[in-house]
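Open the model in your viewer and keep the sequence panel beside it. The stops below say what to select next and what is there.

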Amino acid sequence: MSQAPPPPYFYLPQNLRPNLLGNPEWMNKGDNAWQLTAATFVGLQSVPGLIILYGGAVKKKWAVNSAFMALYAFACVLICWVCWGYRLSFGDELIPIWGKINVALEQKYLLEQAFMGNFPNATMVFFQFVFAAITLILIAGALLGRMNFYAWMMFVPLWLTFSYTIGAYSIWSPKGWLALAGMIDYSGGYVIHLSSGVAGFTAAYWVGPRTTKDRQNFPPNNILLMLAGAGLLWMGWTGFNGGDPYASNIDASLAVLNTHVCTAASSLTWLILDIVFFSKPSIIGVIQGMIAGLVCITPAAGVVQGWAAIIMGICSGAIPWFTMMVVHKKSKLLQKVDDTMAVFHTHAIAGSLGGILTGLFAEPNLCNIFYGKYGNYLGLFYGFHTGEFRRGFRQIGLQLIGVLFVGVLNVIVTSLICLLVQLIVPLRLSEEDLKVGDDAVHGEEAYAIWGQGERLDDRKGVKKWIAKLWEDLRRF
């Protein structure tokens, strides 16, 4: 009687063989290691990336509050995510836009294979969490310098629950209605950036503007700190787009390269436009161009070729620049809404642009590598090339339907949440607190100027310091 042949992994070195207790046969160690690394890269974009960027981009009196809004959102989203958010976004179907509510905390569930990829649910929960967290932090960018912190504490879990999870399930869950229809959102141009841009703009409308003085003069308190945060954001995008194939494969490599190529092209385009029309190269402008490029390539990173990434970068450097520098100044609505970090232009406009350009440039072979369904995804330009123009137009139509769905969802849900929150606490700080800033809201300030931590505006401390100095000079 012949014996059964040994399993394939029997011939591997001892250190590479699966251990059924800690390394089951379905798990790929390399994919799992990369997925955890990519998730950490994305987490660093928020903590400390956007914390530093926001803290340096605002007036000194708002540095602590702006950074704190980001830090709070990161922590709050994680608890909400494991308690109910993840299963609403990626769990069993309740309706075509939402999963069944459940926790993602049980050992049995967390150690099972994820819905995609060769790694456990625990890895997927963490990876998807950092995407959810950065979405809320991007919304905060539109509200810096005036939102009541207690209102923000309520807004974060409500928006995560009733907006983000719906968008994520509809577009990213294999059972979501837009995912089944064939819409392409490689890494979050819709789920993260379009939604945060629209939600931030809508929330800014309900919260109201900063003080007139702050709107007219709101210089960054530390541009070098902004650059440090922007650098973390750019480099962290390696995990943002490189992690979405859920494997350490050739598509991840292509997505990473396309991400940086598009971002560089977008930054340079914005820089050139600033020089041509304003005669000065602006580092703040280049940061905006960088962000727009990162956002634009996100829905397309692993499904377009390198030349398309450059074209998308030129478009993302030019079109959001035009909407921000020209359209914004002529639109009464855009001027009325005080969007502190211009997230509408760099995220809503750039995200929509990226989604539409994806519908033009999506290459069928690359889509097959990512989705594993050859012929189901086809950019319009390739449709003309192959004679399948109807399918190309269908792809563009799906991309536009996605823009409409995410936009309408976030206007309605964000408005309802703001109206609910303001029944409990004011959305906006009082005029007295707006004049003072961090010290009034948190009792803390970002920079200690005088002596051992004494504040710049602490008159008693200044007088004591001057008196001591005078006394020392007299003795001398």
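## Charges and the whole chain

Begin by colouring the charged side chains: the chain has 32 positive and 27 negative ones, and the centres of the two sets lie 6 Å apart. Bear in mind throughout that this is a predicted model.

Switch to a cartoon view next. The secondary structure amounts to 20 helices and two strands. The chain has a radius of gyration of 24 Å, close to the 23 Å that the globule rule gives for 476 residues, so it is as compact as a globular protein of that length. Measured out along the principal axes, the C-alpha trace spans about 105 × 55 × 50 Å.

Now turn on a surface. About 21400 Å² of the chain is exposed, and carbon and sulfur atoms supply 67% of that area. Of the 476 residues, 54% count as buried. For contacts between residues at least 6 apart in sequence, 75% join residues at least 24 apart.

## The nonpolar cores

Select Trp-152, Phe-155 and Tyr-164. These residues have the most contacts inside the largest nonpolar core, which has 110 residues.

Stay on Tyr-164 and display its surroundings. Leaving aside residues up to four places away in sequence, Tyr-164 touches Trp-81, Trp-159 and Trp-172, along with Phe-131, Gln-128, Ala-132, Thr-135, Val-191 and Ile-192. Another core, of 23 residues, lies apart from the largest one; Ile-184, Cys-296, Val-304 and Leu-357 are among its members.

## A cis bond in helix 1

Go to Pro-48, in helix 1 (residues 29–57). What kind of peptide bond joins Val-47 and Pro-48? The bond is cis, with omega about 15 degrees.

Is Pro-48 buried, partly exposed or exposed? Its relative accessible area is 31%, and the partly exposed class runs between 20% and 50%, so Pro-48 counts as partly exposed. Add Gly-229 to the selection: Pro-48 and Gly-229 are 181 residues apart in sequence, while their C-alpha atoms are 7.3 Å apart in space.

## Ile-401 in helix 17

Select helix 17 (residues 389–421) and find Ile-401 within it. At 40% relative accessibility, Ile-401 is partly exposed. Show its contacts: Ile-401 touches Trp-177 and Leu-178, again not counting residues up to four places away in sequence.

For a distance check, pick the C-alpha atoms of Ile-401 and Lys-59. These two residues are 342 apart along the chain, and the atoms are separated by 39 Å.

## Two residues with positive phi

Move to the loop between helix 9 (223–242) and helix 10 (250–278), where Tyr-246 sits. Phi of Tyr-246 is near 60 degrees, a positive value in a residue other than glycine. Is the residue buried or exposed? Tyr-246 has a relative accessibility of 8%, and buried means under 20%, so Tyr-246 counts as buried.

Finish at Ala-342, in the loop between helix 13 (332–336) and helix 14 (343–361). Ala-342 is not a glycine, yet its phi is positive, at about 55 degrees. With a relative accessibility of 10%, Ala-342 counts as buried.

Definitions and conventions. Residues are numbered from 1 along each chain as its sequence is written. This is a predicted model: local features need pLDDT of at least 70, side-chain atom pairs count only at pLDDT 80 or more; totals for chains, interfaces and linings use all residues. Side-chain values use heavy atoms; hydrogens and water are left out. Helices (H or I, at least four residues) and strands (E, at least two) are DSSP runs, numbered from the N terminus. The radius of gyration is taken over C-alpha atoms; the globule rule is 2.2 Å times the number of residues to the power 0.38. Buried means under 20% relative accessible area, exposed over 50%, partly exposed in between (1.4 Å probe, protein chains only). Contact means heavy atoms within 4.5 Å. Accessible areas come from the Shrake-Rupley method with a 1.4 Å probe; for residues, only the protein chains shown count as cover. Lys and Arg count as positive and Asp and Glu as negative; His and the chain ends are not counted. The place of a charge is taken as NZ of Lys, CZ of Arg, CG of Asp or CD of Glu. A nonpolar core is a set of buried Ala, Val, Leu, Ile, Met, Phe, Trp, Tyr and Cys residues joined through side-chain atoms within 4.5 Å.
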